[in-house]
Structures are given as C-alpha cells and as structure tokens.
Amino acid sequence: MQITVVGAGVIGLSSALALEERGHVVRIVAAGSGDTTTSAVAGAIWFPYKAGPPDKVAAWAARTHAWLDDLADRDRSAGVDRLTCYEITSPSEPDDVVPWWARGIAVTREPAPVVGAPRAWKFTAPRVEPARFLPWLASRLRATIEIRTVDDLEGLPGDVVVNCTGLGARALARDEQLVPLLGQIAVVEPGGADLGTSITDDRGSARSDEIFYAIPRRDEIVLGGCSRPASPGDVPDEDRALTERIVEQARSLGIAVGSIRRVRVGLRPYRVEVRLERAGRIIHNYGHGGAGFTLCRGCADDVVALVDAGATA
Ligand SMILES: Cc1cc2nc3c(=O)[nH]c(=O)nc-3n(C[C@H](O)[C@H](O)[C@H](O)COP(=O)(O)OP(=O)(O)OC[C@H]3O[C@@H](n4cnc5c(N)ncnc54)[C@H](O)[C@@H]3O)c2cc1C
C-alpha cells in the first residue's frame, strides 16, 4: 500500500520503519525533523512516564523494551545502550506488588546506590540517545522526509495517512484532550558518576510536579526534571531556579556530576490515553506524553496491524 506518515519525531520515524518492513511504500511529510522535534529533547530512557491507559501502555512498553534491548546488541550506531535502573519510590510502597509498568520486565526491590540508600525498583532498561537514534531510524528508511507543514490530513495522498504529529495533532486533529506538559533537562559533564546506572527519585512527585532523574549517555549525563502543565504554543525559556534545584538534587544524592553543558526545555504531547486508532483513511498515533521512546515500537506495530486489518476488511 501507499502510505503517508505525517511527523518525523520518534513516533513518525518508528511507524514509517515498521510499515516499510511490512512491505508498504511510505512517504514522510513533517514540519520539522531532528533537533526541532520534541523527541530531540528527551532523556531518553525506557520508562512509561505520563502515558496511558496503563494496560495498553504496559503492552506497548514491553514490546518496545524487547525491540530496543535487541538493538542495543545488534547495532551500536543506533545509540541504544542497556542501563541498570533504580526507581526510588516512597518507603510505604509494598515490596511484593510488582508495579503496573513492569509487565514482562524483571524488577527487584533493592537499596538504591545513592546517599541514604532509599528503597528502589531495580531493573534493566534500554536508554536511547536521540541525537544518534533519530538519524539512525531515518537512515534505515527508503522514504525521505519532505519538510512542509500540513493543515489537512484528508488532503494528503495515499491509501492510508498516519498522523504522528505529537503536539501538532492538537490543531491538526482538533483534539483539545492533547495538552503540553513541560519538561526541562540539564545535560552535564559525566564527572565521576557511573555511566551504566540510571537513577530516578519519584519521592517528591506526590506533592509537586517535580521529579529527579539522572540518565547517563555515552559521554554525558541528562539530569531532570519536572512535568508542568503549560500553554500550547512556543516552548518557554529555561527556568534557572529549576536547573539549580536539579543539579543540587544530584549532588545531595551523592551523584558526582560535572559542569552544565546545555539546558533544554520541551513540551511533552500528553493525553490521558494515547490516541492510536483508525478513523477512515487516517490512523492517529499521538499523545505519548513522557514515553514516546518507551512506546515507539509497540505503537508502530499496532499501526501496521491497523493497516493490515483495513486491507482485509
Ligand atoms: C524533557 C523531556 C524528557 C523526556 N524524556 C523521555 C524519556 O526519558 N523517555 C521517553 O520515552 N520519553 C521521554 N520524553 C517524551 C518524548 O520526548 C515524547 O513522548 C516524544 O518525543 C513524542 O514523539 P512524537 O514523535 O510524537 O512528537 P515530536 O517529536 O514532537 O514529533 C512531531 C513531528 O510532527 C511534526 N508536525 C507537527 N505538526 C505538524 C504539521 N501540522 N504538519 C507537518 N508536520 C507536523 C513535527 O515537525 C515533528 O516532526 C521526554 C520529553 C521531554 C520534553
């Protein structure tokens, strides 16, 4: 089939790849690609953060975990590596109830390797470097990316049009359930920190929109973060006080990070439920919140299944 994918973030490129692997002929149209996308700002560790509904998210996440995990062994140029992750949660969280997001993922309850050794879920997860992974995805495609803004999905050519426009879907699909959730990261020198271990401290999230995470890359560390409701529109400037809080929190946990290289702000495309459904000739695939990398392949496989189902209907 001839398929037009709109959007060249992690969701559009992953969908295009899965469709081409299935033998479809794909063209990609996007207002921007690479560094201009939200995807370029992400951490980007596997973890189903700010995405729903839980049942579908757990299944998409498990599928993507397996796909990325295999990629980490298969092709180093994809920028995917396997990290040991600690998710520090409230001390009141029971040790014997496996979290909803860990379907098919081995998790244990252990002291985290930070000051005070708080209890954490320990698991292994893939971490993606967007600056390597997005070009890698594009390089695997026969399709090239045509840069232009779309204002009418129905007007696009193809047997099927796949809408992977992230926050752009708010206007394009007239969907006010899709809202921006602001995130901010500070990318720092590695200092003496362990580049094989990721730490998330979720203990403050019940009372505020601020969380903490340290996600190592091959030669730098991403520190975050927050999840704040924001206005649709331009991405706001850095909140300096937030940057200071993030770096201070790393130090207070005993994570030996170096100086700041750059700060990035982005707007997560959040929807209570990811929209992945077919409406006539259009398949929508947007609203992945804080988990676009975590869900990308599972959702792409479902896009392929929706195309196949339409072909036999
Ligand atoms: C600070 C921060 C940290 C994050 N950390 C993680 C993490 O650790 N793990 C994780 O899994 N996720 C993380 N995320 C979330 C992740 O970045 C998003 O879920 C993901 O990038 C969404 O991808 P997308 O392809 O849907 O959107 P985008 O990357 O925004 O791509 C949308 C594409 O659609 C195009 N487009 C939009 N409107 C139009 C239009 N009208 N016409 C044509 N093209 C259009 C854009 O140009 C772009 O190409 C983080 C996000 C932020 C902000």
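How many bridges join β3 to strand β5, and in which sense do the two run, parallel or antiparallel? Before selecting anything, keep in mind that this is a predicted model.

**First stop: strand β3 and its partners**

Select residues 80-88, which make up strand β3, and then add residues 119-128, which make up β5. Nine bridges join these two strands, and they run antiparallel. To find one of the pairs on screen, pick Asp-81, whose bridge partner in β5 is Arg-127. Now add residues 197-201, strand β9, which pairs with β3 in the parallel sense over five bridges; here Thr-84 stands opposite Thr-197 in β9. If you then show the surroundings of β3, you will find that seven of its nine residues are buried, so the strand is largely enclosed by the rest of the structure.

**Second stop: helix α3**

Move to residues 130-140, helix α3, and colour Pro-130, Phe-133, Leu-134, Trp-136 and Leu-137, which are the buried residues of this helix. Because they cover an arc of only 160° around the axis, they lie on the same side of α3. The spacing can be followed from a general rule: an α-helix has 3.6 residues a turn, so residues three or four places apart point the same way. Turn the helix to look at the face directed away from its buried side, and you will see the exposed residues Ala-131 and Ser-139.

**Third stop: strands β8, β13 and β14**

Select residues 179-188 for strand β8 and residues 260-279 for strand β13, which pair in the antiparallel sense over 10 bridges. Val-187 is a useful marker for this pairing, as its bridge partner in β13 is Arg-262. On extending the selection to residues 282-288, strand β14, you will find six bridges joining β14 to β13, again with the strands running antiparallel. Ala-279 stands opposite Ile-282 in β14, and the two strands form a hairpin with two residues between them, where Gly-280 in the turn has a positive phi of about 65°.

Return to β8 and pick Gln-184, which lies in this strand and is buried, with a relative accessible area of 2%. What does the side chain of Gln-184 meet there? One of its polar atoms lies 2.9 Å from the backbone nitrogen of Asp-239, and a polar contact of 2.8 Å joins the side chains of Gln-184 and Thr-243. Ile-185 also lies in strand β8 and is buried, with a relative accessible area of 5%. If you draw a distance from its C-alpha atom to that of Gly-158, which is 27 residues away along the chain, the viewer should show a separation of 38 Å.

**Last stop: the ligand**

Finally, select the ligand together with the 37 residues around it, of which Gly-32, Ser-39, Val-150, Gly-289 and Thr-294 come nearest. By class, this shell has 17 nonpolar, 18 polar and two charged residues. The elements that each supply at least two residues of the shell are α1 (10-21), β8, β13 and α6 (292-312).

Three places deserve a distance label. A backbone N or O atom of Ala-8 lies 2.9 Å from an oxygen atom of the ligand, while an N or O atom in the side chain of Thr-38 is 3.1 Å from a ligand oxygen atom. At Val-150, a backbone N or O atom lies 2.8 Å from a nitrogen atom of the ligand. Taken alone, the ligand exposes 1000 Å², and the protein buries 93% of that area.

Technical notes:
Residues are numbered from 1 along each chain as its sequence is written. This is a predicted model: local features need pLDDT of at least 70, side-chain atom pairs count only at pLDDT 80 or more; totals for chains, interfaces and linings use all residues. Side-chain values use heavy atoms; hydrogens and water are left out. Two strands pair if DSSP finds at least two bridges between them. Helices (H or I, at least four residues) and strands (E, at least two) are DSSP runs, numbered from the N terminus. A residue is near a molecule or strand if one of its heavy atoms lies within 4 Å of it. A polar contact is a pair of N or O atoms within 3.5 Å; within protein, one must be able to donate a hydrogen and the other to accept it, and residues adjacent in sequence count only if both atoms are side-chain atoms. Accessible areas come from the Shrake-Rupley method with a 1.4 Å probe; for residues, only the protein chains shown count as cover. Ala, Val, Leu, Ile, Met, Phe, Trp, Tyr, Cys and Pro count as nonpolar, Asp, Glu, Lys and Arg as charged, and the others, Gly among them, as polar. Buried means under 20% relative accessible area, exposed over 50%, partly exposed in between (1.4 Å probe, protein chains only). The arc is that of the directions from the helix axis to the C-beta atoms.
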